[in-house]
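Open the model in your viewer and show the side chains as sticks. This tour goes from one charged pair to the next.

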Amino acid sequence: MTCEATGDATDTSTAEPVWRSYGTSRRSTRTLRVRVSAALVGVTVLAVLVVPPLVHLDQQAVDLGAKLLPPNWSHPFGTDDLGRDLLLRCVYGLRVSLLVGVAAALTATVIGTAVGATAGALGGWADRALMRVVDTVSSVPHLLLGIFIVAMFRPGVWPVVVSVALTHWLSTARIVRAEVLSLRSRPYIDAAVSGGASRWRVAVRHLLPGVLPQSALAAVLMVPHAMWHESALSFLGLGLPTHMASLGNLIQSARGSLLAGQWWPTLFPGLFIIVPTLAIAGLAGAWRERINPRRRSELML
């Protein structure tokens with residue numbers, strides 16, 4: 001009996017440190033991920049804001065004598081088929097793509113939040129009608145609908161913003177509607193209604209503040225998605241004008257160089273899309289864990 005008790009005590013004492021070390025390693029990994037993501041986002045924003053005003057170089061300057069140079073000290077990312085510095089063009093392209101992504105994400109979030117909050121707050125036939133509209137628009141592929149919208153305008157920044165916004169508000173509407181339906185069952189909502197508060201006051205004072213964290217998270221996650229969508233439209237020749245340096249235009253113009261064996265005009269613009277996407281996704285994941293304590297506790301197990 002003594003030996004068995006001793007063995008059980010030994011197993012318990014050894015199991016507990018393993019559990020704690022596992023949780024500690026998960027926390028340290030998450031902290032490292034957040035720090036790396038924050039550093040990459042900071043470098044991206046700093047490059048977009050600081051490099052164009054400080055570097056007094058024309059990113060459209062053509063030098064046919066230096067075309068398709070591989071990466072070197074003078075041109076760290078090499079040059080394109082017209083001899084333009086690829087690093088400077090990538091920074092300007094990231095600036096344009098990030099502008100389109102942020103503007104489209106904010107517009108889509110406003111539309112989705114308004115539709116989702118209205119459907120969840122009103123309920124009944126209004127909820128069913130709005131959700132049928134959401135289902136109908138969702139049945140059409142995003143890229144196909146985006147191409148149809150862009151084709152009605154001249155190539156430019158704002159047609160792309162409108163196209164991306166009108167095709168990406170659907171998920172936000174569903175998330176906000178589900179959150180509003182969850183909030184409507186809370187005791188303080190019943191207390192406000194019993195106290196004589198109007199439906200408008202309940203929606204503005206209680207429901208809308210409760211869904212803002214989810215809406216903000218959806219907006220952050222939508223920025224890289226909008227950047228990819230803009231790059232796809234520009235790659236197809238339906239997005240931004242070809243003379244404007246966007247990441248999609250840079251990749252589209254480098255197709256011939258890639259077939260000829262010059263890899264750098266395609267690689268570096270692609271990295272300028274992938275790295276900010278991963279960084280924003282890392283920060284958004286940490287934010288999701290913070291606003292959802294249950295998910296955070298499950299990840300700690």
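What follows is a short walk through some of the salt bridges in this predicted model.

The structure holds five salt bridges. The stops below include three of them, beginning with Asp 80.

**Stop 1: Asp 80 and Arg 84.** Select these two residues and show the distance between their side chains. They form a salt bridge, with 2.9 Å between the closest N and O atoms. Are the partners buried or exposed? Turn on the surface to check: Arg 84 and Asp 80 are both buried.

**Stop 2: Asp 80 and Arg 89.** Keep Asp 80 selected and add Arg 89. Their side chains also meet in a salt bridge, at 4.0 Å from N to O. Arg 89 is buried, as is Asp 80.

**Stop 3: Asp 127 and Arg 177.** Clear the selection and pick this pair. The closest N and O atoms of the salt bridge between Asp 127 and Arg 177 are 2.7 Å apart. Which parts of the chain does the pair link? Colour helix α3 (residues 124-138), where Asp 127 sits, and helix α6 (residues 170-184), which holds Arg 177. These are distant parts of the chain, and the two residues are 50 residues apart.

Now look at the surface around each partner. Asp 127 has a relative accessible area of 9%, so it counts as buried. Arg 177 has a relative accessibility of 23% and therefore counts as partly exposed.

**Stop 4: the network.** Finally, select Asp 80, Arg 84 and Arg 89 together. Salt bridges with shared partners join these three residues into one network.

Terms used:
Residues numbered from 1 in each chain as written. Predicted model: local features only at pLDDT ≥ 70, side-chain atom pairs only at ≥ 80, totals over all residues. Heavy atoms only, no water. Buried < 20%, exposed > 50% of the residue type's maximum accessible area, 1.4 Å probe, protein only. Helix = DSSP H or I, 4+ residues; strand = E, 2+ residues; numbered from the N terminus.
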